[in-house]
Amino acid sequence: MPHLATYVGLADHSEQTLADSFRAVAQGHAHVADVFHLCHTLAGWSEAHREALAPVVERYGEQEGGDGVDEPERLHAAGLAQTREGEVGLLRDLQDLHVLASLVQTTWMVIAQGAQGLRDRELLEIAQRCGAETARQIAWLDTRIKVAAPQALIVAP
(Lines give C-alpha, C1' and ligand atoms only; values in the text may rest on other atoms or scores of the structure.)
Protein backbone atom coordinates (compact mmCIF):
# COMPACT_ATOMS: atom_id res chain seq x y z
CA MET A 1 0.00 0.00 0.00
CA PRO A 2 2.63 2.53 -1.04
CA HIS A 3 0.10 5.21 -1.94
CA LEU A 4 -1.54 5.08 1.47
CA ALA A 5 1.94 5.46 2.96
CA THR A 6 2.39 8.57 0.80
CA TYR A 7 -0.80 10.11 2.21
CA VAL A 8 0.01 9.06 5.76
CA GLY A 9 3.34 10.84 5.31
CA LEU A 10 1.60 13.86 3.80
CA ALA A 11 -0.80 14.03 6.75
CA ASP A 12 2.00 13.72 9.29
CA HIS A 13 4.21 16.36 7.66
CA SER A 14 1.31 18.68 6.87
CA GLU A 15 0.05 18.60 10.45
CA GLN A 16 3.56 19.38 11.74
CA THR A 17 3.88 22.24 9.27
CA LEU A 18 0.44 23.54 10.23
CA ALA A 19 1.32 23.39 13.95
CA ASP A 20 4.61 25.22 13.33
CA SER A 21 2.83 27.79 11.16
CA PHE A 22 0.11 28.45 13.74
CA ARG A 23 2.87 29.06 16.29
CA ALA A 24 4.75 31.38 13.94
CA VAL A 25 1.60 33.46 13.38
CA ALA A 26 0.92 33.49 17.13
CA GLN A 27 4.40 34.83 17.82
CA GLY A 28 4.43 37.23 14.89
CA HIS A 29 1.10 38.75 15.91
CA ALA A 30 1.42 38.33 19.70
CA HIS A 31 -0.03 41.83 20.18
CA VAL A 32 -3.40 40.49 18.93
CA ALA A 33 -4.54 38.51 21.97
CA ASP A 34 -7.09 36.22 20.33
CA VAL A 35 -4.73 35.35 17.49
CA PHE A 36 -1.91 34.64 19.92
CA HIS A 37 -3.95 32.34 22.17
CA LEU A 38 -6.09 30.60 19.56
CA CYS A 39 -3.18 29.92 17.22
CA HIS A 40 -1.35 28.19 20.09
CA THR A 41 -4.47 26.14 20.86
CA LEU A 42 -4.94 25.15 17.22
CA ALA A 43 -1.26 24.21 16.94
CA GLY A 44 -1.86 21.81 19.82
CA TRP A 45 -4.72 20.21 17.90
CA SER A 46 -2.42 19.54 14.94
CA GLU A 47 0.16 17.98 17.24
CA ALA A 48 -2.55 15.77 18.75
CA HIS A 49 -3.48 14.69 15.21
CA ARG A 50 0.10 13.57 14.66
CA GLU A 51 0.03 11.60 17.91
CA ALA A 52 -3.21 9.90 16.84
CA LEU A 53 -1.60 9.07 13.51
CA ALA A 54 1.45 7.39 15.12
CA PRO A 55 -0.04 3.85 15.24
CA VAL A 56 -1.06 4.20 11.59
CA VAL A 57 2.49 5.19 10.67
CA GLU A 58 3.65 2.02 12.49
CA ARG A 59 1.16 -0.15 10.58
CA TYR A 60 1.30 1.29 7.05
CA GLY A 61 4.57 3.19 7.02
CA GLU A 62 5.26 6.71 5.95
CA GLN A 63 6.73 7.31 2.53
CA GLU A 64 9.20 10.18 2.48
CA GLY A 65 9.62 12.41 -0.55
CA GLY A 66 8.00 12.24 -3.97
CA ASP A 67 4.31 12.33 -4.84
CA GLY A 68 3.75 15.62 -3.06
CA VAL A 69 5.07 14.76 0.41
CA ASP A 70 7.40 17.77 0.26
CA GLU A 71 4.48 20.12 -0.46
CA PRO A 72 3.76 21.20 3.14
CA GLU A 73 7.38 22.10 3.79
CA ARG A 74 7.48 24.08 0.55
CA LEU A 75 4.38 26.00 1.59
CA HIS A 76 5.83 26.61 5.04
CA ALA A 77 9.14 27.83 3.70
CA ALA A 78 7.51 30.01 1.06
CA GLY A 79 4.64 31.42 3.08
CA LEU A 80 4.87 31.00 6.81
CA ALA A 81 8.52 30.83 7.82
CA GLN A 82 8.12 34.40 9.02
CA THR A 83 5.10 36.59 9.50
CA ARG A 84 4.23 39.91 7.94
CA GLU A 85 3.65 43.15 9.82
CA GLY A 86 0.51 45.20 10.30
CA GLU A 87 -3.17 44.56 9.66
CA VAL A 88 -2.69 43.52 6.03
CA GLY A 89 0.17 41.27 7.13
CA LEU A 90 -2.11 39.54 9.64
CA LEU A 91 -4.77 39.09 6.97
CA ARG A 92 -2.25 37.55 4.55
CA ASP A 93 -0.80 35.28 7.26
CA LEU A 94 -4.30 34.05 8.14
CA GLN A 95 -4.90 33.33 4.45
CA ASP A 96 -1.66 31.32 4.29
CA LEU A 97 -2.78 29.29 7.30
CA HIS A 98 -6.12 28.71 5.58
CA VAL A 99 -4.42 27.34 2.46
CA LEU A 100 -2.28 24.97 4.51
CA ALA A 101 -5.24 23.86 6.67
CA SER A 102 -7.21 23.15 3.48
CA LEU A 103 -4.39 20.87 2.31
CA VAL A 104 -4.53 19.08 5.66
CA GLN A 105 -8.32 18.73 5.51
CA THR A 106 -8.34 17.25 2.01
CA THR A 107 -5.54 14.90 3.01
CA TRP A 108 -7.66 13.57 5.88
CA MET A 109 -10.58 13.18 3.47
CA VAL A 110 -8.45 11.08 1.10
CA ILE A 111 -7.14 8.96 3.99
CA ALA A 112 -10.72 8.38 5.20
CA GLN A 113 -11.66 7.12 1.74
CA GLY A 114 -8.67 4.76 1.76
CA ALA A 115 -9.59 3.54 5.25
CA GLN A 116 -13.10 2.75 4.07
CA GLY A 117 -11.71 0.79 1.14
CA LEU A 118 -9.41 -1.14 3.47
CA ARG A 119 -12.15 -1.55 6.09
CA ASP A 120 -9.71 -0.15 8.65
CA ARG A 121 -12.04 1.20 11.34
CA GLU A 122 -9.25 2.63 13.49
CA LEU A 123 -7.80 4.63 10.60
CA LEU A 124 -11.27 5.76 9.52
CA GLU A 125 -12.06 7.03 13.03
CA ILE A 126 -8.74 8.88 13.23
CA ALA A 127 -9.19 10.44 9.79
CA GLN A 128 -12.78 11.50 10.50
CA ARG A 129 -11.97 12.96 13.92
CA CYS A 130 -8.85 14.78 12.73
CA GLY A 131 -10.63 15.97 9.58
CA ALA A 132 -13.49 17.35 11.69
CA GLU A 133 -11.07 19.21 13.96
CA THR A 134 -9.25 20.57 10.93
CA ALA A 135 -12.62 21.83 9.67
CA ARG A 136 -12.97 23.66 13.01
CA GLN A 137 -9.51 25.18 12.53
CA ILE A 138 -10.64 26.38 9.09
CA ALA A 139 -13.91 27.73 10.51
CA TRP A 140 -11.95 29.82 13.04
CA LEU A 141 -9.67 31.06 10.27
CA ASP A 142 -12.71 31.99 8.13
CA THR A 143 -14.18 33.98 11.02
CA ARG A 144 -10.88 35.66 11.92
CA ILE A 145 -10.27 36.60 8.27
CA LYS A 146 -13.73 38.21 8.14
CA VAL A 147 -12.89 40.19 11.29
CA ALA A 148 -9.44 41.25 10.02
CA ALA A 149 -10.45 42.18 6.46
CA PRO A 150 -12.36 45.44 7.08
CA GLN A 151 -9.65 46.72 9.45
CA ALA A 152 -6.90 45.83 6.98
CA LEU A 153 -8.60 47.01 3.81
CA ILE A 154 -10.56 50.08 4.82
CA VAL A 155 -8.91 51.74 7.82
CA ALA A 156 -5.97 53.95 6.89
CA PRO A 157 -2.65 53.06 8.58
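**Exercise 1.** How many helices and how many strands does the protein have?

*Solution.* The model is predicted. Its secondary structure comprises five helices and zero strands. Taken in sequence order, the elements give the pattern α-α-α-α-α. Among contacts between residues at least 6 apart in sequence, 80% join residues at least 24 apart.

**Exercise 2.** Identify the residues of the largest nonpolar core that touch the most other members, and state which helices supply the core.

*Solution.* The largest nonpolar core has 41 residues, and those touching the most other members are Phe22, Cys39, Leu94, Leu97 and Trp108. At least two residues of this core come from each of helix 1, helix 2 (33-60), helix 4 (86-118) and helix 5 (121-154). For Trp108, neighbours within four places in sequence are set aside; the remaining contacts include Ala11, His49, Leu53, Ile126 and Cys130. Over the whole protein of 157 residues, 42% are buried.

**Exercise 3.** Classify Cys39 and Cys130 as buried or exposed, and determine how many disulfides the structure holds.

*Solution.* The cut-off for a buried residue is under 20% relative accessible area. Cys39 has 0% relative accessibility and therefore counts as buried. Cys130 also has a relative accessible area of 0%, so Cys130 is buried. The structure holds zero disulfides.

**Exercise 4.** Which residues make the nonpolar surface patch of about 260 Å², and why does Tyr7 count as partly exposed?

*Solution.* The patch is formed by Tyr7, Met109 and Val110. Tyr7 lies in helix 1 (residues 2-28). Partly exposed residues fall between the buried limit of 20% and the exposed limit of 50%. Tyr7 counts as partly exposed because its relative accessibility is 33%.

Methods: Residues are numbered from 1 along each chain as its sequence is written. This is a predicted model: local features need pLDDT of at least 70, side-chain atom pairs count only at pLDDT 80 or more; totals for chains, interfaces and linings use all residues. Side-chain values use heavy atoms; hydrogens and water are left out. Patches are made of residues with over 30% relative accessible area and no salt bridge: like charges are joined within 9 Å, nonpolar side chains (Val, Leu, Ile, Met, Phe, Trp, Tyr) within 5 Å. Accessible areas come from the Shrake-Rupley method with a 1.4 Å probe; for residues, only the protein chains shown count as cover. A salt bridge is a side-chain nitrogen of Lys or Arg within 4 Å of a carboxyl oxygen of Asp or Glu. Helices (H or I, at least four residues) and strands (E, at least two) are DSSP runs, numbered from the N terminus. Buried means under 20% relative accessible area, exposed over 50%, partly exposed in between (1.4 Å probe, protein chains only). A nonpolar core is a set of buried Ala, Val, Leu, Ile, Met, Phe, Trp, Tyr and Cys residues joined through side-chain atoms within 4.5 Å. Contact means heavy atoms within 4.5 Å. A disulfide is a pair of cysteine sulfur atoms within 2.5 Å.
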